[in-house]
Amino acid sequence: MATDATAAPTATTGGFHRTLGLRDVIAQSLSVIAPAMSGAFLTYLASTKAGGATPLAYLLGTLAMLAVGGTVAMFARSLSSAGSMYTYITRGGGKVLGFLGGWCYAAAFLVLGGAVLWGFGFFTASLVALLTGADPAWYWFSLAGLVVIALMSLFDIRASTRTQLVILLVTMVALLVVAVVVIAIGSPAVSVIDGTTPVADPGRSLDLAAFWPSAAGVSWTGVLFGLSFAMLSFTGAEASAVLSEETRDPRRAIPRAIIGSIVVAGLFYLVITYATAIGFGVQQASTDWPTSVAGLAAVAPNEAVGAVVLACAALASLFCALGVHIAVSRVLFAMGRERVLPAWLGTLHPRWGTPWRAIGLDLAVWVLLAAVSVLLTSRESQVAIAGGIDSGQTGGVFLFTFLAGIGTPLVMGVYLLLGIAGAAQGRRTGRPGFTVTGVLAAVVGALAVVGGVYYSFVPAAPDVPIPPQVAMVPWVCLAITAAGLAVAAWTWRYRRDVWADMGRIFDEV
């Protein structure tokens with residue numbers, strides 16, 4: 001039996017205000033994906049294996065991610081809940097998988113939100129340094145961003161989503177213009193990294209080798225590994241589902257937002273990665289792109305264009321943090337509302353209709369994680385994880401890299417659980433399409449987990465030791481998972497009434 005969200009346990013005060021439309025929930029998903037930030041800097045991860053064929057890896061990654069998005073969309077057509085992944089996995093895969101999925105999803109987004117906020121400090125400080133020559137401390141910008149996020153998330157959710165939409169349009173259009181400029185200039189005459197190695201076919205703008213591995217100088221195995229990394233750039237595509245209880249006609253709007261966001265982001269990445277491959281030279285990209293530790297930013301034709309790319313990455317990271325924050329606060333609220341987490345988290349503000357206690361907890365965790373991570377890591381280790389950057393931006397780069405490295409595999413693991421739940425739900429309800437999509441999502445999630453932990457086991461470059469903070473990522477993720485299982489076991493044994501009611505607060509068709 002389903003329970004309407006407004007008839008929640010006594011921990012809930014009032015109900016969400018259904019004020020959002022399709023454009024709002026699309027803004028939520030795309031903001032968490034943060035195409036401008038990933039396109040500017042993070043595509044180099046896929047290039048470490050796919051090289052100049054990284055555009056092909058992103059094309060295949062888009063198709064793979066549609067399996068995950070399709071599974072979420074099928075659940076969202078019949079279930080409307082702020083718990084999103086927690087509720088879906090509970091409904092399809094049972095209470096143990098559901099609790100574990102909700103636990104890991106909340107933990108992942110608690111970590112990822114902080115990562116991109118501290119990344120905002122780094123990007124903004126780097127932009128100021130580029131424009132003025134100064135070396136500002138990154139944390140002042142991050143703390144200012146923290147205040148902005150707190151204010152925007154606490155009051156009217158529409159103000160947040162509408163602002164997200166504007167920033168998305170500005171940053172994505174700006175980077176597309178930069179990409180067109182890079183493509184029009186064509187491949188460089190010499191390597192943009194060492195300035196001496198000749199590049200084949202200088203000035204070439206059309207090079208279909210970017211979509212054929214052997215012509216790009218890489219293998220199909222490398223492209224498949226690149227696919228697993230490319231999927232990391234779609235993390236959070238399902239984030240609009242947390243706004244189901246705040247959306248008018250959610251069973252139409254949420255599925256459209258999820259699939260539409262993946263398609264839009266995929267097309268955007270296709271243009272950006274192709275431009276980046278051309279900017280390096282498709283064959284030279286196998287060497288130069290991974291070395292750059294960046295994406296489109298590495299092939300910006302001049303300092304002014306580089307400043308535009310940095311500004312877009314900074315804005316995108318701030319609103320990505322806002323989107324992640326909105327998502328995790330709703331999941332914490334939903335789990336608190338059902339009392340599988342402390343009941344005080346399941347309370348909405350009586351006037352603003354927002355989960356204000358979950359919002360406060362999330363912001364506090366961001367600050368605590370940053371402080372502990374920086375205090376327990378030596379400056380030398382921070383510089384190593386920050387790619388050798390030793391300046392006022394070091395701490396921000398370190399936190400962005402380290403925390404994102406922990407959060408991303410956890411989200412991919414939740415995608416794996418979602419696929420299992422989708423396959424089970426399809427079989428239970430006699431919907432073969434649901435079953436097939438769920439199986440594909442599970443496979444895709446498993447591949448993405450491999451991409452998320454790969455460099456915890458394999459050195460990023462020959463004879464370069466794996467930093468301890470990177471090597472520990474899989475074990476931290478396993479510890480978080482084990483803690484979730486322990487809490488689930490305790491809840492099952494000592495709070496049978498709570499366990500029995502898990503995942504039952506939703507609107508159902």
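**Exercise 1. Find out which residues of helix 5 are buried, and what covers them.**

*Solution.* Keep in mind that you're looking at a predicted model.

Step 1: Pick out the buried residues. In helix 5 they are Met85, Tyr86, Thr87, Tyr88, Ile89, Thr90 and Gly92.

Step 2: Set that against the length of the helix. Helix 5 runs over residues 85-93, and seven of its nine residues are buried, so the rest of the structure largely encloses it.

Step 3: Look for the cover. Helix 4, strand 1 (79-80), helix 6, helix 13 (303-337) and helix 16 are among the elements that cover those buried residues.

Step 4: Check what comes next. Glycine 94 follows helix 5, and its phi is positive, near 100°.

**Exercise 2. Do the same for helix 12: which residues are buried, and what covers them?**

*Solution.* Step 1: Helix 12 spans residues 285-292, and its buried residues are Ala285, Asp288, Trp289, Pro290 and Ser292.

Step 2: Their cover includes helix 3 (44-50), helix 4 (54-76) and helix 11 (250-280).

Step 3: Right after helix 12 sits valine 293, and here too you'll find a positive phi, near 50°.

**Exercise 3. Work out whether phenylalanine 120 is buried or exposed, and list what it touches.**

*Solution.* Step 1: Locate the residue. Phenylalanine 120 belongs to helix 6, which covers residues 95-132.

Step 2: Apply the cut-off. Buried means under 20% relative accessible area. Phenylalanine 120 has 12%, so it is buried.

Step 3: Skip residues up to four places away in sequence. What phenylalanine 120 then touches is Phe141, Ser142, Gly145, Ala314, Ser317 and Leu318.

Step 4: Try a distance as well. Glutamate 245 is 125 residues along the chain from phenylalanine 120, and their C-alpha atoms are 29 Å apart.

Now repeat the routine with threonine 408. This residue is in helix 16 (residues 394-429). Its relative accessibility is 14%, so threonine 408 counts as buried. Leaving out neighbours within four places, threonine 408 is in contact with Leu112, Leu232 and Thr235.

**Exercise 4. Explore the largest nonpolar core, then look for a nonpolar patch on the surface.**

*Solution.* Step 1: Start with the core. It holds 159 residues, and Phe109, Leu117 and Leu175 have the most contacts inside it.

Step 2: Zoom in on leucine 175. Beyond its neighbours within four places in sequence, leucine 175 contacts Ala36, Ala40, Phe268, Ile272, Leu296, Val309 and Cys312. Apart from the largest core there is another one, of five residues, including Ala82, Phe333, Ala334 and Leu348.

Step 3: Move to the surface. Val173, Val177, Val181 and Ile185 make up a nonpolar patch, and together they have about 330 Å² of accessible area.

Step 4: Check one member. Valine 173 is in helix 8 (residues 157-185). Its relative accessibility is 47%, so valine 173 counts as partly exposed.

Step 5: Think about the spacing. Residues three or four places apart in an α-helix point the same way, because there are 3.6 residues a turn.

**Exercise 5. Explain why cysteine 312 and cysteine 477 don't form bonds with their closest cysteines.**

*Solution.* Step 1: Search the whole structure for disulfides, and you get zero.

Step 2: Take cysteine 312. The closest cysteine sulfur, in cysteine 320, is 15 Å from its own, so a bond is ruled out by distance. Cysteine 312 is buried, at 6% relative accessible area.

Step 3: Take cysteine 477. The closest cysteine sulfur belongs to cysteine 104 and is 8.4 Å away, which is too far for a bond as well. Cysteine 477 is buried too, with 9% relative accessibility.

Conventions
Residues are numbered from 1 along each chain as its sequence is written. This is a predicted model: local features need pLDDT of at least 70, side-chain atom pairs count only at pLDDT 80 or more; totals for chains, interfaces and linings use all residues. Side-chain values use heavy atoms; hydrogens and water are left out. Patches are made of residues with over 30% relative accessible area and no salt bridge: like charges are joined within 9 Å, nonpolar side chains (Val, Leu, Ile, Met, Phe, Trp, Tyr) within 5 Å. Accessible areas come from the Shrake-Rupley method with a 1.4 Å probe; for residues, only the protein chains shown count as cover. A salt bridge is a side-chain nitrogen of Lys or Arg within 4 Å of a carboxyl oxygen of Asp or Glu. Helices (H or I, at least four residues) and strands (E, at least two) are DSSP runs, numbered from the N terminus. Buried means under 20% relative accessible area, exposed over 50%, partly exposed in between (1.4 Å probe, protein chains only). A nonpolar core is a set of buried Ala, Val, Leu, Ile, Met, Phe, Trp, Tyr and Cys residues joined through side-chain atoms within 4.5 Å. Contact means heavy atoms within 4.5 Å. A disulfide is a pair of cysteine sulfur atoms within 2.5 Å.
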